[in-house]
Amino acid sequence: MMDRHPEPDRAGGVPGATSPETPPLSSLFQQLVLEHYKKPRNRGELPGADVDVRMNNPSCGDTVRLQLRFDGDRIAQARFLGDGCSISQASVSMMTQVLEGKTVAEARALIERMKAMMHGDPAAARDKALGDLRALAGVHRFPVRVRCALLGWNALEEALRQAFG
């Protein structure tokens, strides 16, 4: 997996960025993102998936394939395959963990909370329902990376639309 975006350095800046406004990223953010990027959860094919959605970010080439299996209106299993930067792949890894067992309504609410957090909503960033995903709250300071963090969520939104309208 090749990371197509510069990652924040140890001091929190992005290599090559000289702006004094570049905000530092927390070590928690770095640790969780790298952990999910290097050891993604729920990565792999889902035989017998009820829905299978592929999304890509044309600006950088990141890709996600999301597969879901439902039990009524609950997400019984979520798996993904993909390639891209640490933020896109870690976000979808964290997303699959928080999704399993959720109802479609709960999943849709999580999509809205994640989008709110990615657009700088501090209340969403504190919402415990997002679990480890809260570590991505600082991404909103890097607008070019918001699309990366939301790639898997856009796939989820499309998957739910296909399955439930």
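How many helices and how many strands does the secondary structure of the chain come to? I counted five helices and three strands. Worth noting up front: this is a predicted model.

**Entry 1: overall layout**

I read the elements off from the N terminus, and they run α-β-β-β-α-α-α-α. The chain has 165 residues, and buried ones make up 47% of them. I also looked at how far apart in sequence the contacts reach. Taking contacts between residues at least 6 apart, 59% join residues at least 24 apart.

**Entry 2: α3 against α5**

Next I pulled up helix α3, residues 104-118, and helix α5, residues 143-164. Their axes come within 10 Å and cross at roughly 155°. Anything over 145 counts as roughly antiparallel, so that is how α3 and α5 run relative to each other. I checked the handedness too, and the crossing of α3 and α5 is left-handed.

Which residues make the contact? From α3 I listed V104, A107, R108, L110, I111, E112, M114, K115 and M118. From α5 I listed V146, A149, L150, W153, N154, L156, E157, L160, R161 and F164. Sorting the residues of this α3 and α5 contact by type gave me 13 nonpolar, one polar and five charged.

**Entry 3: α2 against α5**

Then I turned to helix α2, residues 86-99, which also packs on α5. Here the angle is about 35° and the axes are 8 Å apart. The crossing of α2 and α5 is right-handed. On the α2 side I found I87, S88, S91, V92, M95, V98 and L99. They meet R145, C148, A149, L151, G152, W153 and L156 in α5. By type, the α2 and α5 contact divides into 10 nonpolar, three polar and one charged.

A149, W153 and L156 of α5 turned up in my list for α3, and these three are in the list for α2 as well.

**Entry 4: the core**

I looked up the largest nonpolar core, and it holds 45 residues. Which of them touch the most other members? Those are L68, M114, M118, L136, W153 and L156. The elements giving two or more residues to this core are α1 (27-38), β1 (51-56), β2 (63-71), β3 (74-83), α2, α3 and α5. The top contributor to the core is α5, with 10 residues.

**Entry 5: W153**

I went back to W153, which sits in helix α5. Is W153 buried or exposed? Its relative accessibility is 0%, so W153 counts as buried. Leaving out residues up to four places away in sequence, I found W153 touching S91, M95, V98, L110, I111, M114 and L133. I also noted the pair W153 and K115: 38 residues apart in sequence, with 8.5 Å from C-alpha to C-alpha.

**Entry 6: L68 and L46**

For L68 I skipped the neighbours within four places in sequence. What remained in contact with L68 was L46, A49, D50, V51, I75, Q77, A78, L156, A159 and L160.

L46 was on that list, and I followed it up. I found L46 in the loop between α1 and β1. With a relative accessible area of 5%, L46 is buried. Beyond its neighbours within four places, L46 is in contact with Q67, L68, R69, Q77 and R79. The C-alpha atoms of L46 and R69 are 8.0 Å apart, across 23 residues of sequence.

**Entry 7: N42**

Another residue I checked in the loop between α1 and β1 was N42. What caught my eye is that N42 has a positive phi of about 60° although it is not a glycine. Most residues other than glycine have a negative phi. N42 has a relative accessible area of 19%, and the cut-off for buried is under 20%, so N42 counts as buried.

**Entry 8: A124**

Last lookup: A124, which lies in helix α4, residues 122-125. At a relative accessible area of 0%, A124 is buried. What is A124 in contact with, leaving aside neighbours within four places in sequence? I got R113, A116, M117 and L130. I also noted L110, 14 residues from A124 along the chain, with 9.7 Å between the two C-alpha atoms.

Key
Residues are numbered from 1 along each chain as its sequence is written. This is a predicted model: local features need pLDDT of at least 70, side-chain atom pairs count only at pLDDT 80 or more; totals for chains, interfaces and linings use all residues. Side-chain values use heavy atoms; hydrogens and water are left out. Axes are lines fitted to C-alpha atoms, for helices over the stretch in contact, and angles run from 0 to 180 degrees between N-to-C directions. Helices (H or I, at least four residues) and strands (E, at least two) are DSSP runs, numbered from the N terminus. Angles under 35 degrees count as roughly parallel, over 145 as roughly antiparallel, 65 to 115 as roughly perpendicular and the rest as oblique. A crossing is left-handed if the near helix is turned anticlockwise from the far one by less than a right angle, and right-handed if clockwise. Contact means heavy atoms within 4.5 Å. Ala, Val, Leu, Ile, Met, Phe, Trp, Tyr, Cys and Pro count as nonpolar, Asp, Glu, Lys and Arg as charged, and the others, Gly among them, as polar. A nonpolar core is a set of buried Ala, Val, Leu, Ile, Met, Phe, Trp, Tyr and Cys residues joined through side-chain atoms within 4.5 Å. Buried means under 20% relative accessible area, exposed over 50%, partly exposed in between (1.4 Å probe, protein chains only).
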